[in-house]
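Before going to the bench with a model, a learner may want to know how its features should be read. Could we go through it together?

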Amino acid sequence: MLSYVAGWFGWVGECFLCKRPTNRDLNNSNTISPVCLDSTKIGSETVIVKSGRRICGSGGALADTPLNQDKTYFEIKVQASGVWGVGVASRDVCLDKAPLGSCANSWLLRHDGTCWHANEPLSTLSIVPSEGDIIGVTFDHVQLQFYVNGKLADGCVASNLHTLVYPCFYVDDGAIIDVNFEKFYYEPPQGYSSIMKEQDML
C-alpha cells in the first residue's frame, strides 16, 4: 500500500513539474495560447495543469475548440512514457477510461503506434513514437495523419470524417503529455495552420 501511495505521489509530482509563470508571463497575452484543454471535458481521474497544456492522471481530455477550418495542425510532446493517445473525437466521447478509440466517435493513435476507431485497429504507423518524441497531427476532414519528430509516419486513422470533432488526448499508467496548439516544434505541412477559434475565422 505504501509503495502504491509513493508511486502515486511520484507521478503527480512529475505532472506538476513545470516552470511557474511570472507576472510578466501572465501579463503578456502573446505567450498564452488561445486554444487549450477544456477543463469541463475531461475524465473523472484526468489531471490538467500547466495552463491547460499538460495532461496526466488517468483518462482523456478534449481541446476547447473544434476543428472547423479546412486544414489544422497541432502537436504533443511525450514527456513521460506509459499509456497515451492522441487524435480527434466528437464532444460526446467518453473520457473516463483509457485507452480511447474504442467507440464510434473517436479516432486515436495509441502509444504503440496503432490507430484505432470503433474498437478496431485501422493501421499501424511506420514510426513508433517513444518518450521525448514530438507527435504532429494534421486533419483536413478527409484524412487524419501523424508526424513523428517532423517526419510523416505512413498510416492514417480516418478518412472522410463528416462530423464535428475536437483534438482528443488520453493518458494512463504514468504517462504525461504536453499539448501544443501554437509555436510548434516543427513547421506545419504546407497548407496547414494552427487551430483557430470561430471569432478568428470571421
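The dialogue below takes up confidence, the nonpolar cores and one loop residue in turn.

Q: This model is predicted, so where is the confidence lowest and where is it highest in the chain?
A: Where pLDDT is low, the predicted coordinates should not be read in detail. Here the chain has a mean pLDDT of 85, with 82% of its residues at 70 or more; the lowest confidence falls in helix α2 (residues 23-27), at a mean of 42, and the highest in strand β4 (residues 72-80), at 98.

Q: Which contacts does the model have for residues 2-6 beyond four places in sequence?
A: For residues 2-6, where pLDDT stays under 50, there are zero such contacts, while residues 18-33, with pLDDT below 50, have 13 contacts beyond near neighbours in sequence.

Q: How many residues are in the largest nonpolar core?
A: That core has 34 residues, and Ile-76, Trp-84 and Leu-144 are among those with the most contacts inside it. Strands that each supply at least two of its residues include β4, β5 (83-89) and β10 (144-148). Leaving aside neighbours within four places in sequence, Leu-144 is in contact with residues including Trp-107, Val-137 and Val-157. A second, separate core has 11 residues, including Val-83 and Tyr-170.

Q: Why does Asn-149 count as partly exposed?
A: Partly exposed covers the range between under 20% and over 50% relative accessible area, and Asn-149 counts as such because its relative accessibility is 29%. Asn-149 lies in the loop between β10 and β11 (151-153), and, not counting residues up to four places away in sequence, Asn-149 touches Asp-133, Ile-134 and Tyr-186.

Terms used
Residues numbered from 1 in each chain as written. Predicted model: local features only at pLDDT ≥ 70, side-chain atom pairs only at ≥ 80, totals over all residues. Heavy atoms only, no water. pLDDT = per-residue confidence, 0-100. Helix = DSSP H or I, 4+ residues; strand = E, 2+ residues; numbered from the N terminus. Contact = heavy atoms within 4.5 Å. Core = buried A, V, L, I, M, F, W, Y, C linked by side-chain atoms within 4.5 Å. Buried < 20%, exposed > 50% of the residue type's maximum accessible area, 1.4 Å probe, protein only.
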